[in-house]
Amino acid sequence: MSSEKRQDQARCGFIAILGAPNAGKSTLVNQLVGSKVTIVSNKVQTTRQRILGITIRGMSQLILVDTPGIFAPKKPMERTMVRAAWDASHEADLTVFLVDVTQKSFDSSFEILRKLEDKPIILVFNKIDQVKREVLLKLAAKFQPFANITHTFMISALTNDGVSDLAEFLVREVPESPWLYPEDQITDLPQKLWAAEITREQLFIRLHHELPYNTMVETESWEEFTNGSLKISQVVYVTRPGQKAIVLGKGGQQIKAISSAARLEMSTFFNRTVHLFLHVKVVEDWIDKWKAHGITPCSQ
């Protein structure tokens with residue numbers, strides 16, 4: 001099929017994936033794209049910025065906007081993160097609202113939906129593999145009063161159950177439009193930022209609740225060699241000396257394990273040998289310094 005004819009029949013649209021923290025938004029985006037484009041962990045607010053996952057299904061290009069979880073922010077960084085999620089919903093062609101069905105209370109989800117009452121909402125119940133069918137039916141009834149919900153899907157993003165039905169629906173619903181990204185592009189994240197995200201994910205995986213909430217990773221240098229290998233130097237920012245000790249671990253063993261795991265994933269993702277060097281720095285007011293340069297933790 002010629003590219004001209006293809007564009008005549010093409011569809012393309014931005015799809016905001018919204019929800020409370022830990023609803024499974026990043027897992028769903030990765031499943032729809034068919035490749036890892038956003039990091040995943042059990043830690044609340046893993047996603048700090050708007051991240052695009054891009055996939056082509058048939059004649060439709062789906063531009064999936066993974067957003068930070070929506071909650072009641074208290075700190076400046078949290079307010080920036082939540083604002084990024086709301087902005088994505090205002091700019092998107094379609095809005096998917098993801099609900100974790102294992103929650104004890106759905107008050108936060110109801111509150112978010114009330115704030116979205118002027119937008120058509122595609123409601124997606126996630127983690128259905130973890131609850132009984134009768135629980136799902138009762139839960140669906142609780143969401144019926146929201147008139148802006150146009151369609152409802154039940155999925156498990158982790159097991160991929162029901163995700164294909166959701167994808168087929170999105171393919172039909174995005175507007176007619178030429179594709180906005182090359183066919184082989186699956187995310188809009190620059191490589192340096194994605195490398196930092198990979199390391200940040202390993203910090204979450206290795207340190208769990210010990211990891212300070214506002215820990216940051218920055219790719220400081222990026223050097224490519226003629227043999228195809230890549231040398232990456234990164235800085236892990238923490239705000240107190242005690243946090244640095246946690247990241248380093250006894251005898252530096254923790255940071256070595258984090259570096260090794262991140263290096264292996266980078267080598268796979270970039271399809272080349274990666275040499276990774278991590279350094280931990282204590283900067284008490286690093287967030288303020290970022291902002292002074294017009295940068296936030298959500299857009300570094």
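Two strands are taken to pair if DSSP finds at least two bridges between them. In this predicted model, strand 7 and strand 8 (residues 230–238) are joined by 8 bridges and run antiparallel. One residue of this pairing is V217, whose bridge partner in strand 8 is V236. The two strands belong to an open sheet of 3 strands, in which the order is 7-8-9 and the pairing is mixed. Strand 7 and strand 9 (274–282) form the edges of the sheet, each of them pairing on one side only. On average, and with direction ignored, neighbouring strands of the sheet are turned by 20° against each other.

Two helices pack on this sheet. Helix 8 (residues 241–248) touches strand 8 and strand 9, and its direction makes about 155° with that of strand 9. Helix 9 touches strand 7, strand 8 and strand 9, and the angle between its direction and that of strand 9 is about 135°. A residue of helix 9 is S259. With a relative accessibility of 13%, S259 counts as buried, because the cut-off for this class is under 20%. When neighbours within four places in sequence are left aside, S259 is in contact with L276 and L278.

Aromatic pairs number 9 in the structure. One of them is formed by W222 and F270, with an edge-to-face arrangement, 5.5 Å from centre to centre and 85° between the planes. This pair connects distant parts of the chain, since W222 lies in strand 7 (residues 216–224) and F270 in helix 9 (residues 253–270), 48 residues apart. Both W222 and F270 are buried. Elsewhere, ring pairs join F106, F110, F125, F143 and F146 into a cluster. A charged side chain also meets a ring: K231 lies over the face of F277, at 5.5 Å from the ring centre.

Helix 7 (residues 191–207) consists of 17 residues. From its first C-alpha to its last, helix 7 reaches 24 Å, close to the 24 Å expected at 1.5 Å a residue. The helix is mostly covered, with 13 of the 17 residues buried. After helix 7 comes H208, which has a positive phi near 50°.

Backbone angles of this sign occur at other places in the model. Most residues other than glycine have a negative phi. K127, although not a glycine, has a positive phi of about 70°. The position of K127 is in the loop between strand 5 (121–126) and helix 5 (133–143). N160 is likewise not a glycine and has a positive phi, of about 75°. N160 is located in the loop between strand 6 (149–154) and helix 6 (163–173). The relative accessibility of N160 is 38%, so this residue counts as partly exposed.

Terms used: Residues numbered from 1 in each chain as written. Predicted model: local features only at pLDDT ≥ 70, side-chain atom pairs only at ≥ 80, totals over all residues. Heavy atoms only, no water. Phe/Tyr/Trp six-rings, centres within 6.5 Å; stacked < 30°, edge-to-face > 60°. Helix = DSSP H or I, 4+ residues; strand = E, 2+ residues; numbered from the N terminus. Buried < 20%, exposed > 50% of the residue type's maximum accessible area, 1.4 Å probe, protein only. Lys NZ or Arg CZ within 6 Å of the ring centre and 35° of its normal. Expected span 1.5 Å × (residues − 1). Contact = heavy atoms within 4.5 Å. Axes fitted to C-alpha atoms, helices over the stretch in contact; angles between N-to-C directions.
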